[in-house]
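Q: Please take a close look at one part of this model, namely a charged contact between distant parts of the chain together with the helix beside it in sequence, and then set that part against other local features. I would like one connected account rather than a list.

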Amino acid sequence: MTQQLNSFDRSQEISAAVDLRIMETTDLHVHLHPYDYYADCPNPDLGLARLAELIDHARQQVPNCLLFDNGDFLQGTPVGDFFAYDRGVRTGEVHPVIAAMNALRYDAITLGNHEFNYGLEFLMGSLSQAQFPTVSANILRKTGRAPLYDQHLFRPYRLLQRDVVDRAGRSRSICVGVIGVAPAQITLWERQHLDGRIQTRDMVDSVTAWVPEMREAGADIVVVLAHSGIGESQHIDLMENAVSPLARIEGVDLILCGHSHQVFPSPRYAGVPGVDIERGTIWGTPTVMSGFFGSHLGLIDMTLLQDGGKWHIVDTQVTTRALREASLHFAQPAPLEGLMPLHSPAVRKIVASAHDAVLDKIRQPVGQSETAINSFFAYLGRNAATALVAHAQTEFVSNHLKHSVLGDLPLLSAVSPAKVGGFGGARNFTNIDAGMMTLRALADLYVFPNRIAACRVNGAEVLLWLERSASAFRQLEPGKGEQDLIDSAFPGYNFEIIYGLDYSIDLMSPARFGPDGREIDPSNSRIRDVTWNGVPLDMNAEFVLCTNSFRAQGAGGFAGTGFDGVVLEHPAITRDILCNYVKNHSPLNIPVQSPFRLRTEQGTSAILRTGVAAHGHLDLIADFAPEILGVDKDGFLQVKVCLDGPQFN
């Protein structure tokens with residue numbers, strides 16, 4: 001690791017110090033314009049066009065800056081789908097997210113898992129017009145006998161030779177080595193696109209192998225672009241979130257991370273082994289994670305001194321700047337001598353035409369619904385959004401398997417709410433009014449371009465699916481005052497509801513699984529009274545479980561998934577299946593009651609954090625005696641719900 005000194009070497013003048021600012025964006029998910037396409041309204045708290053203003057301001061403050069992106073930039077909004085499926089990217093044309101990055105003069109990027117959602121050809125074509133390098137050390141054409149012998153999709157690292165100026169205005173030269181990694185599970189999550197074409201390797205093993213070569217090749221500073229969350233401190237092979245062990249690798253100076261849609265440093269990570277949230281370090285390595293959708297700009301400011309031909313890191317400061325705060329006040333930096341040009345106007349111009357074209361597309365009508373469809377109360381079992389997806393999945397899979405050997409097996413349909421608050425924030429809820437349904441509404445219902453799939457499972461595996469999902473809830477105590485209903489560490493997209501069954505979730509009992517899917521105690525159980533067709537679930541009975549390609553290939557670690565369990569992989573996109581279902585069954589009348597009930601003891605209540613717009617739909621949960629407690633600091637509406645009535649047991 002580049003030597004970090006506690007104070008300046010007194011033999012050198014302060015004027016010889018170089019201030020170098022490293023800037024990070026991550027998990028943009030094609031949020032270019034400050035607009036919520038799912039709600040069809042502006043949102044000033046997100047978008048690269050707005051973030052470009054923060055980048056311009058940050059560059060005005062420090063004379064030496066590098067800008068990196070940490071992946072998941074190509075998919076995530078109707079903008080991404082429009083250029084992948086509808087309009088396409090024509091020969092010689094630049095994808096708007098790449099054009100915006102070109103305008104902002106990114107120095108390098110790495111890949112996230114969602115870069116592969118539209119297929120390898122679309123990814124390679126989009127990046128062919130990039131004016132910056134892409135680095136990826138563990139996404140491979142072919143694995144070799146060791147990391148240094150792998151055949152890579154992109155080069156594992158790049159050495160960026162940069163001229164910098166010290167505090168006296170003197171020009172100096174520095175070599176910044178940048179290496180990128182992403183979860184090895186990409187080949188599972190996108191097997192239909194990547195099987196036989198792409199292989200992966202463990203992130204920690206790859207960085208450990210390549211850093212010495214980077215140093216030998218001349219890297220003065222090594223920056224890791226890790227499309228990965230912080231995770232556990234001890235390295236386990238093929239970890240999805242591996243920043244903590246990456247931070248312990250000798251020779252790594254800085255880590256820019258993401259994937260988990262969190263902000264680091266932040267109080268959320270207080271007490272995590274190796275983490276210093278005041279200094280913004282993990283095991284002593286400066287680390288930043290800048291939210292998602294362009295919500296934040298990550299900054300690592302370094303003070304460097306050169307001694308004996310080697311650069312030393314004297315000091316670092318790690319911060320993030322939020323668009324939400326910037327929308328109230330943009331700090332005006334003192335102009336640098338020879339004012340640097342602003343790039344945000346060019347970015348706004350680039351995204352404007354794409355924005356207008358996408359609005360025209362998503363506002364096209366597809367059908368009618370007699371029911372308001374939202375996910376505000378998904379955790380309470382009142383959720384028309386997942387019910388609609390479940391019906392569409394079941395109909396499609398039934399039609400495709402009815403003449404096969406599996407046609408006689410009963411069908412179940414597993415769906416998780418696409419938007420249910422959580423890491424996505426207080427706006428992250430499906431909210432579709434009764435009446436005309438548009439393509440915008442379908443995108444709101446199902447935000448990912450997953451494909452339809454199905455698994456063959458037995459009753460015991462179905463029960464494990466339900467136990468895994470039930471870990472979303474906190475263990476409740478009767479008579480306790482304010483207690484949250486949902487574990488904030490649990491990703492909402494893993495709250496699988498299985499339609500075709502009837503079951504209860506006992507909130508008095510401890511969870512069998514943790515939020516990350518690891519089994520806590522196999523003797524723990526929350527699922528009660530599971531029936532199919534009115535009879536208790538037979539552990540040996542076989543079912544076809546309708547789901548999506550992401551889940552079927554093993555994402556989330558649900559029982560019965562993976563290569564051996566998949567019986568249907570169809571190229572049809574789930575959102576297209578939804579569109580056809582709505583057209584064929586319009587006007588829709590979707591039941592809001594989910595197949596599960598919450599089971600508690602007398603005197604139990606809890607606080608549900610939901611969207612502010614849920615206030616207008618409290619009639620859906622009238623039997624929970626909802627009490628509005630107000631809006632919390634994160635913008636969530638807090639609703640106290642009573643869970644002790646006989647209808648819940």
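**A salt bridge, a helix and their setting**

A: Arg 363 has a relative accessibility of 42% and therefore counts as partly exposed, a value that, like those that follow, is computed from a predicted model. The partner of Arg 363 is Asp 40, with which it forms a salt bridge whose closest N and O atoms are 3.0 Å apart. The two residues belong to distant parts of the chain, since Arg 363 sits in the loop between α10 and β20 (365-369), whereas Asp 40 sits in the loop between β2 and β3 (41-42), 323 residues away in sequence. Asp 40 is also partly exposed, because its relative accessible area of 24% falls between the 20% limit for buried and the 50% limit for exposed.

The helix named in that placement, α10, covers residues 344-362. With 19 residues at 1.5 Å a residue, α10 should span 27 Å, and the 26 Å between its end C-alpha atoms agrees with that expectation. The helix nevertheless carries a kink of about 25 degrees, centred on Val 351. Val 351 is also one of the buried residues of α10, along with Ser 344, Val 347, Ala 354, His 355, Val 358, Leu 359 and Ile 362. The cover over these buried residues includes the strands β2 (35-36) and β24 (435-438) as well as the helices α1 (48-61), α2 (78-86), α3 (96-103) and α12 (439-445). Strand β2 thus appears both in this cover and as a boundary of the loop that holds Asp 40.

The pair of Arg 363 and Asp 40 can be set beside other salt bridges, of which a search of the whole structure finds 32. One of them joins Glu 569 to Arg 191, with the closest N and O atoms 2.7 Å apart. Here Glu 569 lies in strand β31 (residues 566-573) and Arg 191 in helix α6 (residues 191-194), so the contact ties together parts that are 378 residues apart in sequence. Glu 569 is partly exposed at 27% relative accessibility, while Arg 191 counts as buried at 14%.

Another salt bridge brings together the side chains of Glu 232 and Arg 518, at 3.0 Å from N to O. Glu 232 lies in the loop between β12 (221-226) and α8 (243-246), and Arg 518 in the loop between β27 (502-506) and β28 (527-532), so this pair links parts 286 residues apart in sequence. Both partners are partly exposed, Glu 232 at 40% relative accessibility and Arg 518 with a relative accessible area of 45%. Elsewhere, Arg 609, Asp 632, Lys 633 and Asp 634 are linked in a network of salt bridges.

Some backbone details complete the setting. Asp 27, in the loop between β1 (18-25) and β2, has a positive phi near 50 degrees although it is not a glycine, and with a relative accessible area of 0% it is buried. Asn 533, in the loop between β28 and β29 (535-536), likewise has a positive phi, of about 55 degrees, but counts as exposed at 63% relative accessibility. A cis peptide bond joins Phe 264 and Pro 265, with omega about 5 degrees, and another joins Ser 586 and Pro 587, with omega about 0 degrees.

Definitions and conventions:
Residues numbered from 1 in each chain as written. Predicted model: local features only at pLDDT ≥ 70, side-chain atom pairs only at ≥ 80, totals over all residues. Heavy atoms only, no water. Helix = DSSP H or I, 4+ residues; strand = E, 2+ residues; numbered from the N terminus. Expected span 1.5 Å × (residues − 1). Bend = angle between axes of the 7 residues up to and from the residue. Buried < 20%, exposed > 50% of the residue type's maximum accessible area, 1.4 Å probe, protein only. Contact = heavy atoms within 4.5 Å. Salt bridge = Lys/Arg side-chain N within 4 Å of Asp/Glu carboxyl O.
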